[in-house]
There are 4 protein chains.
Amino acid sequence: MAKVVNIGVIGAGRIGKVHTNTLATLVPGVKVAAISDVVVDAAKALAAECGVEKVTPDYKDILNDKNIDAIVICSSTDTHATLIEEGANAGKHIFCEKPIALEIDRIDSALAAVAKNKVHLMVGFNRRYDPGNAKMRAAVDQGLVGTPEMCVISSRDPAPPPISYIKVSGGLFLDMMIHDFDLSRFLLNDEPEEVYAYGNCQVDPEIGKAGDVDTAMVTIRFKKGAICHINNSRRAVYGYDQRAEVFGSKGMVQTKNLHEDNTILATEPGYYEPPIQNFFMTRYIPAYQEEGKVFARCIVENQTPPSTGIDGRVSVLMGYAAIKSVKENRPVLLSEVDK
Amino acid sequence: MAKVVNIGVIGAGRIGKVHTNTLATLVPGVKVAAISDVVVDAAKALAAECGVEKVTPDYKDILNDKNIDAIVICSSTDTHATLIEEGANAGKHIFCEKPIALEIDRIDSALAAVAKNKVHLMVGFNRRYDPGNAKMRAAVDQGLVGTPEMCVISSRDPAPPPISYIKVSGGLFLDMMIHDFDLSRFLLNDEPEEVYAYGNCQVDPEIGKAGDVDTAMVTIRFKKGAICHINNSRRAVYGYDQRAEVFGSKGMVQTKNLHEDNTILATEPGYYEPPIQNFFMTRYIPAYQEEGKVFARCIVENQTPPSTGIDGRVSVLMGYAAIKSVKENRPVLLSEVDK
Amino acid sequence: MAKVVNIGVIGAGRIGKVHTNTLATLVPGVKVAAISDVVVDAAKALAAECGVEKVTPDYKDILNDKNIDAIVICSSTDTHATLIEEGANAGKHIFCEKPIALEIDRIDSALAAVAKNKVHLMVGFNRRYDPGNAKMRAAVDQGLVGTPEMCVISSRDPAPPPISYIKVSGGLFLDMMIHDFDLSRFLLNDEPEEVYAYGNCQVDPEIGKAGDVDTAMVTIRFKKGAICHINNSRRAVYGYDQRAEVFGSKGMVQTKNLHEDNTILATEPGYYEPPIQNFFMTRYIPAYQEEGKVFARCIVENQTPPSTGIDGRVSVLMGYAAIKSVKENRPVLLSEVDK
Amino acid sequence: MAKVVNIGVIGAGRIGKVHTNTLATLVPGVKVAAISDVVVDAAKALAAECGVEKVTPDYKDILNDKNIDAIVICSSTDTHATLIEEGANAGKHIFCEKPIALEIDRIDSALAAVAKNKVHLMVGFNRRYDPGNAKMRAAVDQGLVGTPEMCVISSRDPAPPPISYIKVSGGLFLDMMIHDFDLSRFLLNDEPEEVYAYGNCQVDPEIGKAGDVDTAMVTIRFKKGAICHINNSRRAVYGYDQRAEVFGSKGMVQTKNLHEDNTILATEPGYYEPPIQNFFMTRYIPAYQEEGKVFARCIVENQTPPSTGIDGRVSVLMGYAAIKSVKENRPVLLSEVDK
């Protein structure tokens, strides 16, 4: 394989732009060689912005391109599994945005194609690559907090997505809390057994009419004994609230929010700090950059990525357990929703 | 009634010392006129320390003393209800440490005696009187966070109590989380409907053998829609961890921990702040002081205390719901455990 | 000497109230036995508030009282030296508010009387007894910051005192920065050699007309090589700003301001913390309490107090050097203003 | 002029690398078209890293290149003035690292060449482009702190530069505090009149032997009345300490240090935060990026840069006043060192 990893990006929407920009400008050793999008103008604009030479409306042009080492799947969720399968069959390494699919069957068939073709699949759980979260996990691994006993994650979006998105996304547990599910497994380095979820609609009744909740709290029981709490809200007016902590027998490690800048203004009414970073793309720039570097390194060095298809699969299972738990108002075992 | 409120303290143990010291030295308009304890030497020592004139082994001497306006019940939990009844029948105003009793029947008969005799009963939920918690509630009342949607409380003791205490205390949900149950009602200004609790034994297996849990997470559904999470641990090696937050449609208000002092040491390995205040009596000195002032003022001005017998009753119900929830691993309605 | 230290307070003004309240309610082993003030009603009111039995318009009644072990001098600055002399001649231990006098001659004669009568004199540099400052000094003593190289002190009052006070106080360098001068010597555990001061009038022109500055910055060269900066303002609208830091070869230790409470409010415009404690009597309650305890202990155990007449003398010298420096716009050696 | 600004970088040393990397990867609308360095291998390596096409040992090749719109001068200080003159005469816009020269005469002749040729000269005071400092200045401009009265800047390097550098750099006041001098003018939006400086050698006696100080404190009097303190140390073991504050009639605005990540570890000895960012290139990445964007914009839109030759000139004058002040141990007027 060439020293430079040639990448084809499939999908030039919001997350496609993030990955293309990051890979093209911030990740050494990587070249974005092609972009495809059925809306070819979107692909063209992005290619121009990032200096990408090849643009196509048809992702198959990317799969058929011998120069392309790896694909980055940023298209809509319903296409992920198919693209993984076709990409794997074409011998490409694959980076796929979460979730792999909304159905466990589809996930499993996609993972089978990956295994059969012996390509690498990395699932885009960007938070694992955030410096703070990585440092927390390192602290846990080093035993700085002793045996982990509790994990508490507060994760709140600045504003809800469009109702149209909620209708196809799988809902809060599969499009939003899925990140926190994965983070809990990552931080505790353990597997979940049972989920209790309570959610309701306090932010916008339209979300309820679309069959989803906008506010939720979850309790997760892990195999080794630790208990985890996650809370989500679709709307935090003060910004993109992203905090986590792991508590154990020897201490606690936690992450603070990041503010827009490092100033403090002190006046008669008190002390004022600027809002926290409001946009996931701002907040997680270093995470996306690290994620890209890790993906490239795994390909070059032929190593298994730190966030694999299994991680993609388990986080979806946790989402299903949570959805079932809300519906039946009882704790649900992961084994109940697995096939 | 005299301008100075004459108080008789019943029980010269740990919490009796806190209240006697606070009332005697930090609360203007109050005089601790008598202390009783069956261990009369404990009462004598405390009386000497705080300049209290009258000491007796028999609390009835206090109830029969015409000069005493009010009693402060600091004896063991199993005596609380009886002392409330006898105190009320003797026409004394009553401050009683939580819980009123471990049985709802006993609570109800004690509250009936209070009602019948038209005395004031204040239950010792000290955290309501903590400046930070009071400020949070004020922020909620002023609408600064909009409609409350979530409440998150982390409450962790520095070290477990003796096993002997755990055996008679009612366990974590009734001796420890009861404070957080009350705090959640106080902060949200709302009533709980359903509780899901998960707890296990991760700190000390002896606690498990005594039939209790030492680590627990609870989800509470409130009437107006807000959801509350509480986590407790019997052991936080880094100190007495006391944090709360209320999240709503217009923002969030939260309390930080208080550190032992205001220094920061920066050296090669990083920045170091001293541990958080480690002992509930240090952490909540201002709360105990305010609590004493409020009790005295309610007596002098004939006002209903902010934490009444009803608050004592509901918090015990929440504890019972949590215990039943752990046992049956399902959410439990408060109506299921109420009589 | 009796186990309880009997204290007579001379002066029932603002600082007299602080000391009487603190000694009477917060310092064990001490009894405020008498208060004198030429405005006898002020003394009476304070005595009633704090349960002090003896009140007199004439401080000589206190000096002549055999039961009084020690006096606390809280009268106006121009009386301090005389009271120290008379108190020492009467065999009383002495706590005196700073400054001892505005003239070095008077300070020296007062200190001579103290030495001759072998009584203890403690000068009221309350900041040495503040937990944060004491911790900083301990860190320096323990070598945690290595060899001290720089000290930076920011000290700003919420609002200027009355012009009438400024006219008799000796001005900013002798009534306000004197605390910071003493703090610099305390934190560095070293003696100053030279002072450069620049001050002007930016807050209120009336202060300038009274011959004083209201804003000042000072550079102090210490014997062992460390350099110290102090800045003062008579008016900080955001509260009583009190910060210090010692920087050395192995690190830095600093003190943060203390806020009114521990809440944080996050809303759309950002994060908001309450103002810092606004009043020196609130900010330094623990310092006054510790100061009283130390004074009592020094008397009971016959030990030299940690802030003595020499400290009172040197801080006044530093003030004179600063005043001369502003006037002549050049660095001034302490030896130039010493006699 | 083309929409894309073609830039030639002169000097491929440490700061040349910073600017080339930033301009090539983080600044849209800019193309680094050429790099020159007498050590041509250094230029080649940097060009390869950043995708720059043209490499030359002779900067004249850049000046003679018609495609080059602007030069970025990153060579050694003694070449700056000559390169500005030659660049200006060649019609290039110029970005020059500070200082322009160590002699006022040379600065003035360079500025004359810039004026004569009507090109833009931007001097590399990167801190003006730091988001926190820019926000502070905006707060001052918006009147959020009222009339500025004091400015306090603490600026400490992690470790001293090589003695060889100190011998040619002009010393601490001209190679290090020059940034803080410029920052004080920027934050206060005012001009300095007089400087008092005290400095000594506490970090490394070799620095003293080289004729420089390693620890210094400066007081600066500004025209409108504000007073400014700056402290510098060549060695802060806890990192690159960069703090500033502006205090005024209505409040204070300040900048905090930035830590390596956003984690907090709480264990038995206390709370621990990671070190502050240790390297100026890490700390000021966003500043360099903004600086590059502003330079490009000024060229494209034909606007005067926010940090001009005058800023470069005055900061050197302040350095000379400080050096003279240390030597003569007295405050020095800027007019004394100006020609």
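This talk goes through the chain pairings, one nonpolar core and some backbone details of a predicted model.

Some conventions before the structure. Residues are numbered from 1 along each chain as its sequence is written, chains are lettered from A and ligands numbered from 1 in the order in which they are written, and side-chain values use heavy atoms, with hydrogens and water left out. Because the model is predicted, local features need pLDDT of at least 70 and side-chain atom pairs count only at pLDDT 80 or more, while totals for chains, interfaces and linings use all residues.

I begin with chains A and B. Chain A is superposed on chain B by a rotation of 180 degrees with 0.0 Å of shift along its axis, and the RMSD is 0.0 Å; the fit is by least squares on the C-alpha atoms of residues with pLDDT of at least 70 in both copies. The two copies are therefore related as by a two-fold rotation axis. Which C-alpha of chain A is nearest the axis? That of A:Arg330, at 2.7 Å from it. Both copies use the same surface, since 100% of the contact residues of chain A recur in chain B; contact means heavy atoms within 4.5 Å.

Now chains B and D. A rotation of 180 degrees with 0.0 Å of shift along its axis places chain B on chain D, again with RMSD 0.0 Å. In chain B the C-alpha nearest this axis belongs to B:Tyr272, 2.3 Å from it. Of the interface residues of chain B, 100% are also interface residues in chain D, so the copies meet through the same surface. On each side the count is as follows: 15 residues of chain B are in contact with 15 residues of chain D. Together the two chains bury about 1200 Å², with 58% of it on carbon and sulfur atoms; buried area is the accessible area (1.4 Å probe) that two parts lose on being put together, summed over both.

How many salt bridges does the rule find across the interface of chain B and chain D? Zero, where a salt bridge is a side-chain nitrogen of Lys or Arg within 4 Å of a carboxyl oxygen of Asp or Glu. Polar contacts are present: four residue pairs, both residues at pLDDT 80 or more. A polar contact is a pair of N or O atoms within 3.5 Å; within protein, one must be able to donate a hydrogen and the other to accept it, and residues adjacent in sequence count only if both atoms are side-chain atoms. On the side of chain B that touches chain D, strand S13 (263-267) and strand S14 (270-273) each supply at least two residues. The largest share, four residues, comes from S14 of chain B. Helices (H or I, at least four residues) and strands (E, at least two) are DSSP runs, numbered from the N terminus.

Next, the inside of chain C. The largest nonpolar core has 68 residues, and C:Phe173 and C:Phe181 are among those with the most contacts inside it. Such a core is a set of buried Ala, Val, Leu, Ile, Met, Phe, Trp, Tyr and Cys residues joined through side-chain atoms within 4.5 Å. Helix H9 (residues 177-188) of chain C gives the most, seven residues.

Last, the backbone. B:Lys98 and B:Pro99 are joined by a cis peptide bond, with omega about -10 degrees. B:Pro99 sits in the loop between strand S5 (93-96) and helix H5 (104-117) of chain B. A:Asn302, not a glycine, has a positive phi of about 55 degrees. A:Asn302 is exposed at 58% relative accessible area (buried is under 20%, exposed over 50%, partly exposed in between; 1.4 Å probe, protein chains only).
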